[in-house]
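User: Please take a close look at one single part of this structure and build the picture outward from there. I am a first-year student, so please explain each term when it comes up.

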Amino acid sequence: MKSGTRALGVAESFADGDDRSVLCGAVLRADRTADGFVFGSCAVGGTDATAAIETLFFDLDREDVQYLLLAGIAPAWFNVVDLPGLSVAIDRPVISVSFEASPGLEPALHEQFAGDSLDERLRTYRAQPPRHRLAVDGDEVWVRAVGVGADRAERIVRAYTPTGGRPEPLRVARLAARAARRFRAAERADGDV
């Protein structure tokens, strides 16, 4: 992959009691140079993550971004992302990377939700491509990809993962999302004094 090829990594951060999760999109080149940031939010426990990530992408207004990498598939406490719908909306491959083995989200969804809330999340979740385990630099990640085949998705994840198992766009986005959440919390605390 050429060193200037850009990916947008999206990660989130929220704390107990937050009703919104901070989303950060970090543009990184394959040579690990950070090249832009964008921030937004989605509802904790909501169903707006797909729309919020789509908004991040278009707010960024970067035609040179070739891939969208997501940290997981259900940010902000089961706010399940529609990967195929997102890929169509932004006209880019979308790759979700998760960092822990699991039996999938269905058992947790059944435990946490009921009725229409459960049905909506299950419909979205069941429409996703399957996860594939990928060994990266001595770690394991699980990858879902839309808009590229499994082999190409693996090459993309590896190209953006210089060390450890977390692709650099996702690592940087997670750091920035956490910093933005802390800043927001500090502003609120200062306003209460």
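Analyst: The residues that line the largest cavity are V10, A11, E12, L23, I53, L70, A71, G72, P75 and V81. Here, on a 1 Å grid over the protein atoms alone, a cavity is a set of points where a 1.4 Å probe fits but cannot get out, whereas a pocket is an open set with protein on both sides within 12 Å along at least five of seven lines, and a lining residue has an atom within 4 Å of a point. Two elements, β1 and β4, each give two or more residues to this lining, and β1 gives the most, with three residues; helices (H or I, at least four residues) and strands (E, at least two) are DSSP runs, numbered from the N terminus.

The model is a predicted one, in which local features need pLDDT of at least 70 and side-chain atom pairs count only at pLDDT 80 or more, while totals for chains, interfaces and linings use all residues. Residues are numbered from 1 along each chain as its sequence is written, and side-chain values use heavy atoms, with hydrogens and water left out.

The volume of the largest cavity is about 60 Å³, where grid points are joined across faces, edges and corners and a volume is the space filled by probe spheres set on the points. By this rule there is one cavity of 30 Å³ or more. Sorted by class, its lining holds eight nonpolar residues, one polar residue and one charged residue, with Ala, Val, Leu, Ile, Met, Phe, Trp, Tyr, Cys and Pro counted as nonpolar, Asp, Glu, Lys and Arg as charged, and the others, Gly among them, as polar.

Strand β1, which spans residues 6–13, deserves a closer look. Seven of its eight residues are buried, so that the strand is mostly covered; buried means under 20% relative accessible area, exposed over 50%, and partly exposed in between, with a 1.4 Å probe and protein chains only. On one side β1 runs antiparallel to β2, joined by eight bridges, and two strands are said to pair if DSSP finds at least two bridges between them. The two strands make a hairpin with six residues between them, and in its turn G17 has a positive phi of about 90°. With β4, in turn, β1 pairs in the parallel sense over five bridges. The cavity-lining residue V10 takes part in both pairings, since its bridge partner in β2 is G25, while in β4 it stands opposite L70.

Another residue of β1 is G9, which counts as buried because its relative accessibility is 0%. Leaving aside residues up to four places away in sequence, G9 touches C24, G25, A26, L69, P169, L170 and A173, where contact means heavy atoms within 4.5 Å. The C-alpha atom of G9 is also separated by 11 Å from that of A176, although the two residues are 167 residues apart along the chain.

I53, which also lines the cavity, touches V10, L23, L68, L70, V81 and L86, again not counting residues up to four places away in sequence. It belongs to the largest nonpolar core, which has 31 residues, and in which L8, I53, L68, L70, L86 and L109 touch the most other members; a nonpolar core is a set of buried Ala, Val, Leu, Ile, Met, Phe, Trp, Tyr and Cys residues joined through side-chain atoms within 4.5 Å. Elements giving two or more residues to this core include β1, β2 (20–29), α1 (49–60) and β4 (65–71), and α1 gives the most, with six residues. A second, separate core of 17 residues includes V97, V136, V141 and L170.

The cavity should be kept apart from the largest pocket, which holds about 720 Å³ of space. It is lined by 27 residues, of which A71, G72, I73, A74 and S98 are the closest to its centre. Strand β1 is one of the elements that supply at least two residues to this pocket lining, and A71 and G72 also appear in the lining of the cavity.
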